[in-house]
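Student: I'm new to this one, so could we go through it together, one question at a time?
Tutor: Sure, let's have a look at it first.

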Amino acid sequence: MSPRGSRRIGGRVPLILLLPALLGLAFLLVPLLGLLAQAPWSTLPSRLFSADVGQALKLSLLCASAATALCLFLGVPLAWLLARAELPGRGLIRALVTVPLVLPPVVGGVALLLVLGRRGLIGERLDLWFGFSLPFTTAGVIVAEAFVAMPFLVISVEGALRAADPRYEEAAATLGAGRWLTFRRVTLPSIAPGVVAGAVLCWARALGEFGATITFAGNLPGRTTTMPLAVYLALETDPDVAVVLSVVLLAVSVVVLACLRERWISGLR
Amino acid sequence: MFRRTVAVALTAVAALAVAACGSNEVPASSTAGPAGTVTVFAAASLTGAFTQLGKDFEAAHPGVKVVFNFAGSSALAQQINSGAPADVFASAAPKNMDQVTGKGTATTFVKNKLEIAVPKGNPGKVTGLKDFADKDKKIAVCAVQVPCGAAAKKVFDATGIVAQPDSLEQDVKAALTKVSLGEVDAALVYKTDVLAAKSKVEGIEFPEADKAINDYPIATLTKAKNPDGAKAFVDYVLSAQGKAVLTAAGFDAP
């Protein structure tokens, strides 16, 4: 949007920064290259189209997308509240929102079990009144993924909201628009890149979710076995399959991030 | 100047403290027998019994520290083959022991068999193995990769019961946890797990369990960093004291 993003520092890059930078880059890339080098390329297609892999991939994509939709539905209003509303203890609330970001996902899974499990505070009511329980269901996977991924969306959208110029909203208000209309027609379009960036991060995080999922939703092929769970279990019996699954997950992540990054996230700078 | 003196003094005190701790842990090198840290990779079902054994072993061999890594036997075998620093491996099935390369002779030290675990009060009204085929009941069994899952498959195959699990857990303790939290109506775990969690779960024995008795082998690893300690620990597990602890935990003699 602004030329700030393309600002360059003139002169040579000092060696003292360059060396650790290159080391850091290698540290992030070498394991991924190792994965590609070890992949059983000759048998990859046949393994790839085996029913198990397809099932896990389909479930992963479905759950990550549904979790992102849930996060958008709940997270955008939450971000708006944090950025715009007059809230007492806003700093504290913001800190609490980011807790799942730093919490080990397994702990998140345990917490979800204790609240939404069949004997949990809320889960018990759900089971009693509706005969419905979340653990061991695909819905449970979506809940676990949304729990872990939502902070990414909220932080991203809140940042965009704070950076947006509130004068447009004020102008809309003086012209007689209500708060909801203003939000829909003025605020939301102006923060769209932030929302999309947050949604992409949220989706990517949900796609890779393991700890909360296996703890809260268990592991059953076709219902709750997402790709990361399949990778983990395959590693114990057939490491080659684990590598194939990992390569698929890697490819999906890279393609999605690359496509969206060029188009949307760059708009944030 | 004063500040620096204090800092130097504090550093000296800290160094002394560290030295003192160190001298407590490492016995004089002249004493014979095991020393240092023994790293034991053990099947999840051994968690309770081996934790106790480890404490007893440490008491019998002052200066030795036992560190455990409990997980599904298949995960442990994979970790050891990938170079994880283990001195001893105790598996819940010979199959996972066979997967490990570079080990001493494996000795079977206990046997274990499956039992049905249900939450206290048996809310799902589970009576026997046939309930595992009931779609309306929430059921957990171990994934077939881990020994308890392999044993469960053997039992189901032998009886012709088509299990309808809601989750395939990655080790037996995870399956047990789902029962003790009341998330499932029943899970197939080991007899010893039911005993270890008897305040939270109830066990239902079933005759078909005899069709899948698990042998637990233990072996030292050739890449052990502490071969003396590894041998001493295995000897201790096989000793009369070791047997007593394992039997108290519900394991059967081999």
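**Where the chains meet**

Student: How many residues does each chain put into the contact between chain A and chain B?
Tutor: Keep in mind that this is a predicted model. Both chains contribute to the contact, and the count is 13 residues from chain A and 16 residues from chain B.

Student: Which helix gives the largest share of the side of chain A that touches chain B?
Tutor: By class, that side of chain A divides into 6 nonpolar, 4 polar and 3 charged residues. The largest share is 4 residues, and they come from residues 227-237 of chain A, which is helix α13.

**Two helices in chain A**

Student: Are α6(A) and α8(A) parallel, antiparallel, perpendicular or oblique to each other?
Tutor: Start with the axes: helix α6 (residues 105-116) of chain A and helix α8 (residues 138-163) of chain A come within 10 Å and cross at roughly 125°. Roughly perpendicular ends at 115 degrees and roughly antiparallel needs over 145. The pair is therefore oblique.

Student: How many nonpolar residues are in that contact of α6(A) with α8(A)?
Tutor: From α6(A) come A:Pro105, A:Gly108, A:Gly109, A:Leu112 and A:Leu116, and from α8(A) come A:Val143, A:Ala144, A:Phe147 and A:Val148. There are no charged residues and 2 polar ones, and the nonpolar count is 7.

**The sheet of chain B**

Student: Which strands sit at the edges of the open sheet in chain B?
Tutor: The sheet has 5 strands with mixed pairing, in the order β2-β1-β3-β10-β4. An edge strand pairs on one side only, and that holds for β2 (64-71) and β4 (107-112) of chain B.

Student: Do β1(B) and β3(B) run parallel or antiparallel?
Tutor: Strand β1 (residues 36-43) of chain B is joined to strand β3 (residues 88-90) of chain B by 3 bridges. B:Val40 stands opposite B:Val88 in β3(B). The two strands run parallel.

Student: Which strands of the sheet does helix α8 of chain B touch?
Tutor: Two helices are worth a look here. α2(B) packs on the sheet, touching β1 and β2 of chain B, with its direction at about 170° to that of β2(B). Helix α8 (residues 227-238) of chain B packs on the sheet too, its direction making about 150° with that of β10(B), and it touches β1, β2, β3, β4 and β10 of chain B.

**A helix pair in chain B**

Student: Is α2(B) roughly parallel or roughly antiparallel to α9(B)?
Tutor: The axes of helix α2 (residues 47-60) of chain B and helix α9 (residues 240-248) of chain B come within 9 Å and cross at roughly 150°. Since over 145 counts as antiparallel, that angle makes α2(B) and α9(B) roughly antiparallel.

Student: How many charged residues does the contact of α2(B) with α9(B) have?
Tutor: α2(B) brings B:Ala49, B:Gln52, B:Leu53 and B:Asp56, while α9(B) brings B:Gln241, B:Gly242, B:Val245 and B:Leu246. Sorted by class, there are 4 nonpolar and 3 polar residues, and the charged count is 1.

**The domains of chain B**

Student: How far apart are the centres of the domains of chain B?
Tutor: The domain assignment gives domain 1 (34-111 + 215-248) and domain 2 (114-211). Taken over C-alpha atoms, their centres are separated by 26 Å.

Student: Which helices each supply at least two residues of the side of domain 1 of chain B that touches domain 2?
Tutor: Each domain gives 13 residues to the contact. On the domain 1 side, those are 5 nonpolar, 7 polar and 1 charged. The helices you want are α2, α3 (73-81) and α4 (94-99) of chain B.

Terms used: Residues numbered from 1 in each chain as written. Chains lettered and ligands numbered in written order. Predicted model: local features only at pLDDT ≥ 70, side-chain atom pairs only at ≥ 80, totals over all residues. Axes fitted to C-alpha atoms, helices over the stretch in contact; angles between N-to-C directions. Parallel < 35°, antiparallel > 145°, perpendicular 65-115°, else oblique. Contact = placed C-beta atoms within 7 Å. Nonpolar A, V, L, I, M, F, W, Y, C, P; charged D, E, K, R; others polar. Domains from an automatic or database assignment. Pairing = 2+ DSSP bridges.
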